[in-house]
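Biologist: I am new to this structure. Could you show me how to read it, one feature at a time?

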Amino acid sequence: MVLKQLSILNYKNIVQAEVDFSPKINCFFGKNGMGKTNFMDAIYYLSFCKSHINTPDSMIIRNNQDMCVLQGIYDYDGRTEELFCGIRHKQRKQFKRNKKEYGKLSEHIGLLPLVMISPADTELIQGGSEERRRFMDLIISQQDKNYLHALIQYNKALLQRNTLLKEQSRDTSLFEALEMQLAMYGEQIFQKRKLLVEKLVPLFNQFHQQICCSAESVNLHYISQLEETPLEEKLRNTRERDWVIGYTTSGIHKDELEMKLDDALIRRVGSQGQQKTYLIALKLAQYSLLAQQGTTAPLLLLDDIFDKLDAERVAQIIRLVSDEQFGQIFITDTNRKYLDKILETMNHDFALFEVEQGCIKPLKEA
Ligand SMILES: Nc1ncnc2c1ncn2[C@@H]1O[C@H](COP(=O)(O)OP(=O)(O)OP(=O)(O)O)[C@@H](O)[C@H]1O
């Protein structure tokens, strides 16, 4: 899949833009705070109906403006897809595919597969376990509508059980009914997360090795209480303890995706460059999996990823992503010279843009 053209009106600091892209490599350079990330975020928005960093819609509209519009024209392996998104303050956002408005935004998720690697991803390593569960959920739900449904139902039942616990309820039949629900949906989620990590691990190891040439040994491990005991039994056994504590202590909401460098957690022992390498390998594995399971090559957005990496690792990453298996790529950096160097080394079709005060200026068009 290729994003051929993107039109923007009032997206964060971008006043207006109409940009045609190269089907392979698109580079954007500009000083800090000029709008490079905002531009990438606009592309992300059209795939996920939300901002990459979860900015509320009210803050996406450019300051002092009433509305923001995004329009993307995609070549979906020969078929044209036109996406329109209109956001107004205090109104339901409009999201249209080929001029037809979606009933539910969830119908759109997965249509335009995309992987973005950005500085915000450090949260995946540094943040709490909910960040890593969200990472797994995002990948699976792009491919599997039933997963999102199971997740919503699980969270509903969890909220209800936690309310009962807070109210110090002793209504056994209610607890049993909710635990049955939690077990049913929890088991589905557990199996799908487990399968995802099984598929991700070999890809992750391969990319990691390619980037750092075997200089480091890394691990990715899915940890769940459901591995040991079926959830319904576990919930029954911990009901008394949960009643004292006031919330549900067992379930897939306690799952962890453990990330290790040698035998220690990478967030504790990894240098910034090692953590970045880990994240990039993980995200490229996500890309590869999405590409294998889907019907089209996802878009790859690399926002300011080269900072803190040594020249060898940067060269390896560039070599990797210019490979055929990666489709259309968008790269940002603060340094033009740096991007020129990248472009010199490849014999692909590319476009180069300068981003200045929210304006996107083409310097070399595809
Ligand atoms: N709703 C908004 N209206 C106007 N400007 C906004 C809005 N939201 C964010 N901005 C501005 O966008 C700018 C940040 O742009 P962005 O994050 O895209 O920069 P960047 O070019 O990626 O910079 P860096 O190289 O530092 O990462 C900030 O100056 C911020 O004030």
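Modeller: Start with a helix on a sheet. Helix H9 (residues 272-293) lies across E8 and strand E12 (299-303), and runs at about 175 degrees to E8. Keep in mind that this is a predicted model.

Biologist: Which strands make up the open sheet of six strands, and in what order?

Modeller: The order is E8-E12-E13-E3-E14-E15, and the pairing is mixed. Strand E8 (114-117) and strand E15 (359-364) are the edge strands, each pairing on one side only. From one strand to the next, the twist averages 20 degrees.

Biologist: In which sense do strand E3 and strand E14 pair?

Modeller: Strand E3 (residues 25-29) and strand E14 (residues 350-356) are parallel, with five bridges between them. At one position isoleucine 25 stands opposite phenylalanine 350 in E14. A second helix is found here: helix H11 (residues 336-344) packs on the sheet and touches E3, strand E13 (329-333) and E14. The direction of H11 makes about 165 degrees with that of E3.

Biologist: Is isoleucine 342 buried or exposed?

Modeller: To decide, count the other C-beta atoms within 10 Å; a residue with 20 or more is called buried. Isoleucine 342 lies in helix H11. Isoleucine 342 has 21 other C-beta atoms within 10 Å, so it is buried. The C-alpha atoms of isoleucine 342 and cysteine 27 are separated by 9.5 Å, although these residues are 315 apart along the chain.

Biologist: How many residues of E14 are buried?

Modeller: Five of the seven residues in E14 are buried, and this strand is mostly covered. On the side of E15, the pairing with E14 is antiparallel over five bridges. There leucine 352 stands opposite lysine 364 in E15. The hairpin of E14 and E15 has two residues between the strands, and in this hairpin glutamine 357 takes a positive phi near 45 degrees.

Biologist: What is the strand order in the open sheet of three strands?

Modeller: It reads E9-E10-E11, with antiparallel pairing. Its edge strands are strand E9 (218-223) and strand E11 (264-265), and each pairs on one side only. Six bridges join E9 and strand E10 (residues 256-261) in the antiparallel sense. As an example, histidine 221 has glutamate 258 in E10 as its bridge partner.

Biologist: Which residues of E9 are on the covered face, and which on the uncovered one?

Modeller: The general idea is that side chains in a regular strand alternate between the two faces of the sheet. In E9 the covered face holds Val218, Leu220 and Tyr222, while Asn219, His221 and Ile223 are on the uncovered one. Helix H6 (residues 172-212) lies across E9 and E10, at about 175 degrees to E9.

Biologist: Into which domains is the protein divided?

Modeller: Domain 1 is 1-113 + 297-366, and domain 2 is 125-293. Between their C-alpha centres the distance is 29 Å. The contact takes 17 residues from domain 1 and 18 residues from domain 2.

Biologist: Which helix gives the most to the side of domain 1 that touches domain 2?

Modeller: Helix H10 (residues 311-321) does, with four residues. By class, that side of domain 1 has ten nonpolar, four polar and three charged residues.

Biologist: Last, how many residues surround the ligand, and which are the closest?

Modeller: There are 16 residues around the ligand, and the closest are Asn13, Asn32, Lys36, Thr37 and Asn38. Helix H1 (residues 36-48) gives the most to this shell, with three residues. A reading by class is useful here too: the shell has nine polar, four charged and three nonpolar residues.

Definitions and conventions: Residues are numbered from 1 along each chain as its sequence is written. This is a predicted model: local features need pLDDT of at least 70, side-chain atom pairs count only at pLDDT 80 or more; totals for chains, interfaces and linings use all residues. A residue is near a molecule or strand if its C-beta atom, placed from the backbone, lies within 6 Å of it. Ala, Val, Leu, Ile, Met, Phe, Trp, Tyr, Cys and Pro count as nonpolar, Asp, Glu, Lys and Arg as charged, and the others, Gly among them, as polar. Domain bounds come from an automatic or database domain assignment. Two residues are in contact if their C-beta atoms, placed from the backbone, lie within 7 Å. Two strands pair if DSSP finds at least two bridges between them. Axes are lines fitted to C-alpha atoms, for helices over the stretch in contact, and angles run from 0 to 180 degrees between N-to-C directions. A residue is buried if 20 or more other C-beta atoms lie within 10 Å of its own, exposed if 12 or fewer, and partly exposed in between; C-beta atoms are placed from the backbone.
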